[in-house]
Amino acid sequence: MSNPNKDSVDLAKDEALRQRKGGQAKQMILWFAALIVGAILGWMQIPALNELFNFVATVFTRLFQFIAVPTIALAVITTLSALGAKKDTGRIFAHAVTYTLLTTISAAAIGLVLYLWIAPGNLPADLIGAGASDVPMQKLGSLSYYDHFLSVIPNNMLQPFLAGNVLSVMLIAAAVGLALAFMPKTENRAVLLKGIYGLQELLFTLIRALLWALPAGILAFAAQLSSQIEAGVIVGALGKYTLVVLGGNFIQFFLVIPLFLLARGLNPLYVFRKMAPAIAVALFTKSSAGTLPVTLASAEARLKVNPRVSRFVLPICTTINMNGCAAFILVTSLFVMQNAGFELTLGTMITWLFVAVLAAIGNAGVPMGCYFLTLSLMSSLGAPLGLMGVILPIYTIIDMIETAENVWSDSAVCAMTDHDLQGKIEDSRGEAVEA
């Protein structure tokens, strides 16, 4: 006789994979084909083609900037507003957020250490010079840390959106989201939330349209760069950059998260084995949100987590517990700023570590949110964005590993929270949880 719990996990896993499998493979092939064709065409040094590619690359950069800031703002608002709808979850929420912050800071710190150790090189000076002329170096040099932090505090609701000041936008979004969370549950609040969710769905539709046309952008970015630099140099620099990102993900996945579990008295191998279906689905779907049904089923049916814990912690972690995203934002930002000619002091790097952590938490599961958010942060500094086009196909692979890492971290946070609160809360059927 079949095990109904096991069947529920298998059904959820098969359904998630069936929805994503075909499209992901075709997308990856198309993106890499565009990268190769673009590099070849750019290498041919045909003036008319180069001018066309520069135009297309500029169009896509502007479209990225157009879509990123409002999408990120709405994602932060909807995530924080949902917290107010939960009841009797203060203790669970405190544990979940504490573990989320600890694991996310650890992931970003590992990325920073690897970046300093492996030290990806700069791209050729002619490419850096083309974009560095747009960087407001004089203004940056005259700003103190006090002035920089003060500039993040908005004194106008619209100005940060018009100026593309991502940190100020995130601060406004966080304030609005928390205000919605604690507002009285009136009809006006419900209508307002419905409108915000409608705007978010609209922006997701625009993102899907942009992703559909993205091969043309990748082709243009690759051609633009290959016409200016030697292939061996960019492969070496991007190879080290990729090694930093993936190396940080593997260390976080196989070492840091298991150490967190061991510190709380849990067996990492046992937790991993029970949550393996969710981690496998995350690897192939590249979507923590799409994997959520499998994650919930695995946690409750296989890991035997209290449903009161799993059904609060896992949806929240799906939107705020972004270990891989924090590392990607930090490492990519440092790499782009380094190539733009910014002076990366230790203080600057540590500041950006916390910016990356807060940005990852605010990412809130937006499709390609880590990429869009990094691009917006770099754009607000005036850094050259051509390099982000070549990172796109690499990001496809990084995204698979990061999503699996994020779901593994979600599972660990859920398991640790459940372990900490055994005997202190009631289960979803009103029975005391055994200690």
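Visitor: What makes you say that α14 is largely enclosed by the rest of the structure?

Guide: This is a predicted model, and in it 18 of the 18 residues of α14 are buried. Buried means under 20% relative accessible area. Every residue of α14 passes that cut-off, so the helix counts as largely enclosed by the rest of the structure.

Visitor: How do you know that the length of α14 fits what is expected at 1.5 Å a residue?

Guide: Helix α14 covers residues 323-340, which is 18 residues. From its first C-alpha to its last it reaches 26 Å, close to the expected 26 Å. Just after α14 comes Gly341, with a positive phi of about 95°.

Visitor: And what about α3, how does its span compare with what its residues should give?

Guide: Helix α3 runs over residues 90-118, so it has 29 residues and should span 42 Å. Its end C-alpha atoms are 42 Å apart, which agrees. Just after α3, Ala119 has a positive phi, about 50°.

Visitor: Why is the contact between Asp420 and Arg264 called a salt bridge?

Guide: The cut-off is a Lys or Arg side-chain nitrogen within 4 Å of an Asp or Glu carboxyl oxygen. For Asp420 and Arg264, the closest N and O atoms are 3.0 Å apart, so the pair passes the 4 Å test.

Visitor: What does that pair tie together?

Guide: Asp420 sits in helix α17 (residues 386-420), while Arg264 is in the loop between α10 (231-263) and α11 (268-285). The pair therefore ties together parts that are 156 residues apart in sequence.

Visitor: Are those two residues buried or partly exposed?

Guide: One of each. Asp420 has a relative accessible area of 11%, which is under the 20% cut-off, so Asp420 is buried. Arg264 comes in at 34%, in between 20% and 50%, so Arg264 is partly exposed.

Visitor: Which other residues meet in a salt bridge?

Guide: Arg311 and Glu300, at 2.9 Å from N to O. Arg311 belongs to helix α13 (residues 307-320) and Glu300 to helix α12 (residues 288-302), with their positions 11 residues apart in sequence. A search of the whole structure finds 2 salt bridges.

Visitor: Stepping back, how many helices and strands does the chain have?

Guide: There are 17 helices and 0 strands. Of the 435 residues, 51% count as buried. Looking at contacts between residues at least 6 apart in sequence, 84% join residues at least 24 apart.

Visitor: What share of the accessible surface belongs to carbon and sulfur atoms?

Guide: The figure is 67%, out of about 20,000 Å² for the chain.

Technical notes:
Residues are numbered from 1 along each chain as its sequence is written. This is a predicted model: local features need pLDDT of at least 70, side-chain atom pairs count only at pLDDT 80 or more; totals for chains, interfaces and linings use all residues. Side-chain values use heavy atoms; hydrogens and water are left out. Helices (H or I, at least four residues) and strands (E, at least two) are DSSP runs, numbered from the N terminus. The expected span of a helix is 1.5 Å times one less than its number of residues. Buried means under 20% relative accessible area, exposed over 50%, partly exposed in between (1.4 Å probe, protein chains only). Contact means heavy atoms within 4.5 Å. Accessible areas come from the Shrake-Rupley method with a 1.4 Å probe; for residues, only the protein chains shown count as cover.
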